[in-house]
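The following exercises are meant to be worked with the sequence and the model side by side. Try each task before reading the solution beneath it.

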Amino acid sequence: MGSALRFKHQMVPRQNGELARLKVVKGPDYGTVFVLTASRATLGRGDENDIVVSDLKSSRLHAEVVQGPKGWRVRDLGSANGILYNDKATTSAELKPHDTVSFGETTLEFFPPEVETSALVAPPREMIQIQAEQSNFSARQSEVRKMAGSISLPASNRASGPTGAGSSQQKNLILLMGGLALVAFLFFFDDGKRASQKQAKRKAGESRDLASYLPESQLLVQDKTAEIFFRSGFREYRERNYLRAKSNFETVLQIAPGHSLARLYLDHCEQEIKSEVKYHLDIGKRSLDSGKIKKARGHFEAVLRLLFRDPQNAQYLEAKEQLEAIEKAKRGEGS
């Protein structure tokens with residue numbers, strides 16, 4: 001514990017002791033930033049992890065990121081569904097700037113310490129955007145390389161001097177390869193420029209609605225983004241997935257603090273979570289009293305999942321104590 005700092009917003013400047021960071025670009029915790037302050041951190045939905053995600057499809061202890069002599073690596077810790085590295089299944093992989101790690105419904109983007117500040121504080125991108133940019137850049141590379149490869153020097157000109165046709169062909173090849181480098185520069189420069197522009201439009205720590213800072217064109221984008229998250233939260237709310245719904249409504253309020261419906265449904269989510277906690281705690285204790293140990297354990301674990309953000313909560317502590325008692329009794333029976 002204590003190997004990562006959690007921030008609910010992406011506008012996080014470089015921290016003291018920061019070794020790297022992971023930004024959630026997809027999943028229930030979208031927009032959250034985890035700043036790594038130690039050379040090892042575990043990931044999963046269990047509250048014992050350094051990086052805790054509210055993703056019920058992830059394992060309790062799912063994976064770890066470790067800094068070694070050659071840099072950072074991600075490693076699966078025997079999870080039920082494994083991990084994806086840049087959308088490919090793996091058990092271990094080296095992490096480079098902007099690589100993605102996926103597990104359950106969560107995708108994180110990796111940022112080592114050498115990444116520039118504007119990229120660190122840039123708004124998290126959706127996976128579809130990351131994949132589209134990678135495909136677009138690869139396509140541009142392929143096109144330019146094909147153009148360069150199509151230039152072949154005739155045998156009669158290969159040994160010609162600097163004033164011959166061979167020299168002209170070589171110059172064209174050099175120009176094309178220079179064009180490839182320019183394409184790469186413009187592609188990434190434009191992305192960083194957009195991030196810097198967005199950063200300049202925002203003022204961290206202000207409680208006023210962001211609409212007061214944005215021109216009309218950006219306000220439309222902001223409203224559309226907030227509406228997407230609100231609808232997603234509302235769908236989760238109707239399906240009784242209150243933790244996911246709460247995460248979506250919190251994201252809406254980060255984008256548009258004046259969104260009254262998001263505030264209303266966030267309050268509803270919190271009330272429903274309280275009701276579910278009480279239900280699971282009561283049924284867990286009854287099951288334990290009647291000797292249904294497995295059923296009791298399931299209900300107590302549900303309480304911990306629902307309250308993982310508030311480990312000092314009295315009901316959280318009670319459920320944790322009951323689970324510890326069950327495990328202690330189980331070890332006693334085995335001895």
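## Exercise 1: A salt-bridged arginine between two loops

Asp-47 is buried, because its relative accessible area is 18%, which is under the 20% cut-off. The model is a predicted one, and the exercises below treat it as such.

**Task.** Determine which residue forms a salt bridge with Asp-47, and where in the chain the two residues lie.

**Solution.** Begin with the side chain of Asp-47, which meets that of Arg-60 in a salt bridge with an N to O distance of 3.4 Å. The pair links distant parts of the chain, since Asp-47 belongs to the loop between strand 4 (40-44) and strand 5 (51-52), while Arg-60 belongs to the loop between strand 5 and strand 6 (63-68), 13 residues apart. Next, consider the exposure of Arg-60, which counts as partly exposed because its relative accessibility is 28%, between the limits of 20% and 50%. Arg-60 also forms a salt bridge with Glu-48, and here the closest N and O atoms are 3.6 Å apart. This second pair likewise links distant parts of the chain, with Glu-48 in the loop between strand 4 and strand 5 and Arg-60 in the loop between strand 5 and strand 6, 12 residues apart. Finally, Glu-48 is partly exposed, with a relative accessible area of 39%. As general background, side chains of opposite charge can pair when their charged atoms come close.

## Exercise 2: The largest cavity and its charged network

**Task.** Describe the largest cavity by its volume, its lining and the classes of its lining residues, and then ask which residues are linked in a network of salt bridges.

**Solution.** The structure holds two cavities of 30 Å³ or more, and the largest has a volume of about 80 Å³. Its lining is made up of Arg-6, Lys-8, Pro-28, Asp-29, Tyr-30, Thr-32, Ser-247, Glu-250, Thr-251, Gln-254 and Arg-309. Sorted by class, these residues are two nonpolar, four polar and five charged. Helix 5 (residues 242-255) gives the largest share of this lining, with four residues. The network of salt bridges joins Arg-6, Lys-8, Asp-29, Glu-250 and Arg-309, and each of these names also appears in the lining of the largest cavity. The structure as a whole holds 16 salt bridges.

A closer look at one lining residue completes the picture. Ser-247 is found in helix 5 and is buried, with a relative accessible area of 4%. Once its neighbours within four places in sequence are left aside, Ser-247 is in contact with Pro-28, Asp-29 and Arg-309.

## Exercise 3: The second largest cavity and the second largest pocket

**Task.** State the volume and the lining classes of the second largest cavity, and then do likewise for the second largest pocket.

**Solution.** The second largest cavity has a volume of about 40 Å³, and Arg-45, Val-53, Ser-54, Asp-55, Leu-56, Leu-243, Arg-305 and Phe-308 line it. Four of these lining residues are nonpolar, one is polar and three are charged.

For the second largest pocket, the volume is about 340 Å³. Its lining consists of 13 residues, and those nearest its centre are Lys-26, Gly-27, Pro-28, Ser-232 and Asn-248. By class the lining has three nonpolar, five polar and five charged residues. Helix 4 (216-238) and helix 5 each supply at least two residues of the lining, and the largest share, four residues, comes from helix 5.

## Exercise 4: The length of helix 7

**Task.** Work out whether the end-to-end distance of helix 7 (residues 293-306) agrees or disagrees with a rise of 1.5 Å a residue.

**Solution.** The expected span is 1.5 Å times one less than the number of residues, so the 14 residues of helix 7 should span 20 Å. The end C-alpha atoms of helix 7 are 20 Å apart, which agrees with that expectation. The buried residues of this helix are Ala-296, Arg-297, His-299, Phe-300, Ala-302, Val-303, Leu-304 and Leu-306.

## Exercise 5: A buried proline

**Task.** Locate Pro-112 and find which residues it is in contact with beyond its neighbours within four places in sequence.

**Solution.** Pro-112 lies in the loop between strand 12 (106-111) and helix 1 (117-120), and its relative accessibility of 5% means that Pro-112 counts as buried. Beyond the sequence neighbours within four places, Pro-112 is in contact with Ala-20 and Pro-97. The C-alpha atoms of Pro-112 and Pro-97 are separated by 6.0 Å, although the two residues are 15 residues apart along the chain.

Note on methods:
Residues are numbered from 1 along each chain as its sequence is written. This is a predicted model: local features need pLDDT of at least 70, side-chain atom pairs count only at pLDDT 80 or more; totals for chains, interfaces and linings use all residues. Side-chain values use heavy atoms; hydrogens and water are left out. On a 1 Å grid over the protein atoms alone, a cavity is a set of points where a 1.4 Å probe fits but cannot get out, and a pocket is an open set with protein on both sides within 12 Å along at least five of seven lines; lining residues have an atom within 4 Å of a point. Grid points are joined across faces, edges and corners, and a volume is the space filled by probe spheres set on the points. Ala, Val, Leu, Ile, Met, Phe, Trp, Tyr, Cys and Pro count as nonpolar, Asp, Glu, Lys and Arg as charged, and the others, Gly among them, as polar. Buried means under 20% relative accessible area, exposed over 50%, partly exposed in between (1.4 Å probe, protein chains only). A salt bridge is a side-chain nitrogen of Lys or Arg within 4 Å of a carboxyl oxygen of Asp or Glu. Contact means heavy atoms within 4.5 Å.
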